[in-house]
Amino acid sequence: NNETNAIEALEKKLEETKSPQDAEALLEAYSVHMEAHPDDTENNPLYLYRAASTMFRMNRFSTATDYLLTALKDYPSSPNSGKASELLSEIYDNKLQSPETATTLRQAMVSAYPNYDNIAKVKAEIPSDAVDFSTRMKDMTSKMFNDSTGRIDYRIANTFILNSELHALILPDDQENPFYLHRAAETARSIRVFPKAMEFYQWIYNKYPDSDRAPQAMFLHAFTLDNDMKQYDEAKTLYETFLSKYPEN
């Protein structure tokens, strides 16, 4: 149609000019299309990947990761998820200095996308001495708090939060996800990143309603709204939902 044709023309123009102005025009066109057509599961994940690639070429790596995370969250079944995950792992490894996160992504990809075209390359980039996800997460947990000062290591905390999120995105059927997401939510609360904590609580009780973590996650979501965010009306509504859904808890 005219809209996708216009996007293709902008893509070709950017390839020729490499200009920041043309890049911004293309990103705006992607954004307009996705907002107008949120159910376009064919083009939207592709546009998000291309937007990330554009930001990557402009050395705007954090923005590129935002596009890729959105693609994985909103369109998890897209055939483009392998490419998005691979680019994300490359950014964390080579641009954002987080090889731990890159390893989590690559290990998850081996299980999630065994037929992905570049899976042999992905496997080769996993360090030969890398231990499994669970062991690495336990190690991060043990190092997160300084025993002598009682203070939290923010770098390790943020890495733990991010790794929990990415593992659950790539491997949504892993039965350990509610545990890691709950631990990540508690970590986010401890460093006062309340929106992320609430996102994880909601993720647990929406995506894993049969998990034994689901009732506690809903209660803690309400408690965070109440105690930390002071959003009392929203908290009251969620407390009432909790009481209705889990009367014996």
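**Exercise 1. Find the residues that line the second largest pocket, then say which helices they come from and how they divide by class.**

Step 1. List the lining. In this predicted model, the second largest pocket is lined by Leu72, Lys73, Pro76, Ala168, Leu169, Pro172, Glu199, Gln202, Trp203, Asn206, Lys207 and Tyr208.

Step 2. Match residues to helices. Three helices each give at least two residues to this lining: α4 (61–74), α9 and α11 (194–207). The largest share belongs to α11, with five residues.

Step 3. Sort by class. You should get seven nonpolar, two polar and three charged residues.

Step 4. Add the volume. The second largest pocket comes to about 340 Å³.

**Exercise 2. Now describe the largest pocket: its volume, the residues closest to its centre, and the helices around it.**

Step 1. Start with the volume, which is about 490 Å³.

Step 2. Look towards the middle. The lining of the largest pocket has 21 residues, and those closest to the centre are Ser98, Arg155, Ile156, Asn158 and Thr159.

Step 3. Pick out the helices. Those that give two or more residues to this lining are α6 (99–112), α8 (133–144) and α9 (154–170). Helix α9 provides the largest share, seven residues.

Step 4. Sort by class again. This lining holds 10 nonpolar, four polar and seven charged residues.

**Exercise 3. How many cavities of 30 Å³ or more are there, and what lines the largest cavity?**

Step 1. Count them. There is one cavity of 30 Å³ or more.

Step 2. Give its volume. The largest cavity has about 40 Å³.

Step 3. Name the lining. Look for Pro45, Ala71, Leu72, Tyr75, Ser78, Asn80, Ser81 and Ala84. Did you spot Leu72 again? Leu72 is in the lining of the second largest pocket as well as in that of the largest cavity.

Step 4. Place the lining on the helices. Both α4 and α5 (81–94) supply at least two of these residues.

Step 5. Sort by class. The lining has five nonpolar residues, three polar ones and no charged ones.

**Exercise 4. Work out how helices α10 and α11 are arranged: parallel or antiparallel?**

Step 1. Find the pair. Helix α10 covers residues 177–190, and its axis comes within 8 Å of the axis of α11.

Step 2. Read the angle. The two axes cross at roughly 160°.

Step 3. Compare with the cut-off. Angles over 145 degrees count as roughly antiparallel, so α10 and α11 are roughly antiparallel to each other.

Step 4. Add the handedness. The crossing of α10 and α11 is left-handed.

**Exercise 5. Decide whether Ser164 and Pro127 are buried, partly exposed or exposed, and find a residue that each is paired with in space.**

Step 1. Locate Ser164. You'll find Ser164 in helix α9.

Step 2. Judge Ser164. Buried means under 20% relative accessible area; Ser164 has 1%, so it is buried.

Step 3. Check a partner. His182 is 18 residues from Ser164 in sequence, with a C-alpha to C-alpha distance of 9.2 Å in space.

Step 4. Locate Pro127. This residue sits in the loop between α7 (119–124) and α8.

Step 5. Judge Pro127. Its relative accessibility is 37%, so Pro127 counts as partly exposed.

Step 6. Check a partner here too. Pro127 and Thr103 are separated by 24 residues in sequence, and their C-alpha atoms are 7.6 Å apart.

**Exercise 6. Look at the phi angles of Gln97 and Lys230, and say where these residues lie.**

Step 1. Recall the usual case. Most residues other than glycine have a negative phi.

Step 2. Take Gln97. Its phi is positive, near 50°, and Gln97 is not a glycine. Gln97 is in the loop between α5 and α6. With a relative accessible area of 62%, Gln97 is exposed.

Step 3. Take Lys230. Here phi is also positive, about 60°, in a residue that is not a glycine. Lys230 lies in the loop between α12 (214–228) and α13 (232–245). Its relative accessible area is 48%, so Lys230 counts as partly exposed.

**Exercise 7. Zoom out: how many helices and strands does the protein have, and what share of its residues is buried?**

Step 1. Count the elements. There are 13 helices and zero strands.

Step 2. Check burial. The protein has 249 residues, and 47% of them count as buried.

Step 3. Give the dimensions. Along the principal axes, the C-alpha atoms fill a box of roughly 60 × 45 × 35 Å.

Methods:
Residues numbered from 1 in each chain as written. Predicted model: local features only at pLDDT ≥ 70, side-chain atom pairs only at ≥ 80, totals over all residues. Heavy atoms only, no water. 1 Å grid on protein atoms, 1.4 Å probe; cavity = no way out; pocket = protein on both sides within 12 Å on 5 of 7 lines; lining within 4 Å. Points joined across faces, edges and corners; volume = space filled by probe spheres on them. Helix = DSSP H or I, 4+ residues; strand = E, 2+ residues; numbered from the N terminus. Nonpolar A, V, L, I, M, F, W, Y, C, P; charged D, E, K, R; others polar. Buried < 20%, exposed > 50% of the residue type's maximum accessible area, 1.4 Å probe, protein only. Axes fitted to C-alpha atoms, helices over the stretch in contact; angles between N-to-C directions. Parallel < 35°, antiparallel > 145°, perpendicular 65-115°, else oblique. Left-handed = near helix turned anticlockwise from the far one by under 90°.
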